[in-house]
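Here are some exercises to work through with the model open beside you. Try each task on your own before reading its solution.

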Amino acid sequence: MKNVILLTIDTLRKDVLGCYGGKGLTPFIDSLQDRCIKFENAYAVGPYTQASFPGILTSSYYLDFGRTKGKCPVQRVLLSEVIKNKGISTAAFHSNAYLSAFFGWNRGWDEFYDSMDVNVSEKVPYIRAGEINQKILSWLDFRRKTRDTKPFFIWAHYMDVHEPYIPEQRFIKAVDPELFLTEDEMFLLFKSVLLKRDVTDKSKVEQLKKLYFAHVREVDAAVRELFTILKEYDCQNDTTIIITSDHGEEFGEHGGLSHDGKMYQELVCVPLLIYLPDLDKPLVFQAVVSNIDIPPTVTGLFGIAPSPAWQGQSL
């Protein structure tokens, strides 16, 4: 396989995907299953972004080098560094401040977009998935214009499922046609219920959950758009796509909301799908695996040896 894309979807619970037992929220992702390797017991190494991403991008654990105040220390070997050193084009497109250049996550990328120079709103404090897709499209277009035929590795990270849960009305209707909340009402739910971790009013927790579900529908549409872009640039059949999440989300299962420092299933058991365009039949694995296994899996797909510093193994 020529290219690899790692698509990480922030805050995506495993059990909301239809292919993992969810109901109707992810029709496009579910449609990929015939050409996917699905891992039923994949675990993040932490229940929030700063704790989980050392596993995803450096095959190491959050506290391996002590408390680093969010920084990615130079002792961590980034997947992008290993791949770039072998002549493969590397590009990253995301909108999570904890993974920005400021914190040292920009090492080893030919193109690194973290959106930190963009003015975002309090209600939508990140760049939406559709804009991330457009960045990918522009990069692929540049490759085409410059006749760049080197294999590529793209890491794309969607933030849309993350709080404060203010999805577009059309996605809310797809989840519950009877639910109508203005953006101000949604934001008030965020401030008065989610931020306070107040689970006493079950009806409000249920509203938050439906808004979260609407974002899941929204992200599924963005994944469909990404595949359309790959097809447009004639690279869908040459590209392995790994889809996963850094952590899940709690809706009162253990007395709280959001994703605090807990290690329960709803937070650390994450989806992990490997889409292989030429796969003959779907494969499902029950073995327990970890997101520290992602970097050596990616290098393995490129036929590159993993870094000796990594702690995971190729899947």
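## Exercise 1: a buried arginine

Task: find the polar partners of the side chain of Arg107 and work out how buried Arg107 is.

Solution. Start with Pro73: its backbone oxygen lies 3.4 Å from a polar atom of the Arg107 side chain. Next, that side chain reaches the backbone oxygen of Cys72 at 3.1 Å. Both are polar contacts (pairs of N or O atoms within 3.5 Å, where, within protein, one must be able to donate a hydrogen and the other to accept it, and residues adjacent in sequence count only if both atoms are side-chain atoms). Arg107 itself sits in the loop between β3 (89-93) and β4 (111-113); helices (H or I, at least four residues) and strands (E, at least two) are DSSP runs, numbered from the N terminus. Finally, Arg107 counts as buried because its relative accessibility is 19%, the limit being under 20% relative accessible area with a 1.4 Å probe and protein chains only.

A note before going on: this is a predicted model, in which local features need pLDDT of at least 70 and side-chain atom pairs count only at pLDDT 80 or more, while totals for chains, interfaces and linings use all residues. Residues are numbered from 1 along each chain as its sequence is written, and side-chain values use heavy atoms, with hydrogens and water left out.

## Exercise 2: an asparagine in a strand

Task: describe the surroundings of Asn3.

Solution. First place Asn3 in strand β1 (residues 3-9). Asn3 is buried, with a relative accessible area of 2%. Now follow its side chain, which reaches the backbone nitrogen of Phe152 at 3.0 Å and makes a polar contact of 3.4 Å with the side chain of Thr239. Not counting residues up to four places away in sequence, Asn3 touches several residues, including Lys150, Cys235 and Phe302; contact means heavy atoms within 4.5 Å.

## Exercise 3: two helices

Task: how do the axes of α6 and α7 cross?

Solution. Take helix α6 (residues 183-194) and helix α7 (residues 202-232): their axes come within 11 Å and cross at roughly 125°. Therefore α6 is oblique to α7, since angles under 35 degrees count as roughly parallel, over 145 as roughly antiparallel, 65 to 115 as roughly perpendicular and the rest as oblique. To finish, list the residues that meet: Met186, Leu189, Phe190, Val193 and Leu194 in α6, and Lys204, Gln207, Leu208 and Leu211 in α7.

Conventions: Axes are lines fitted to C-alpha atoms, for helices over the stretch in contact, and angles run from 0 to 180 degrees between N-to-C directions. Buried means under 20% relative accessible area, exposed over 50%, partly exposed in between (1.4 Å probe, protein chains only).
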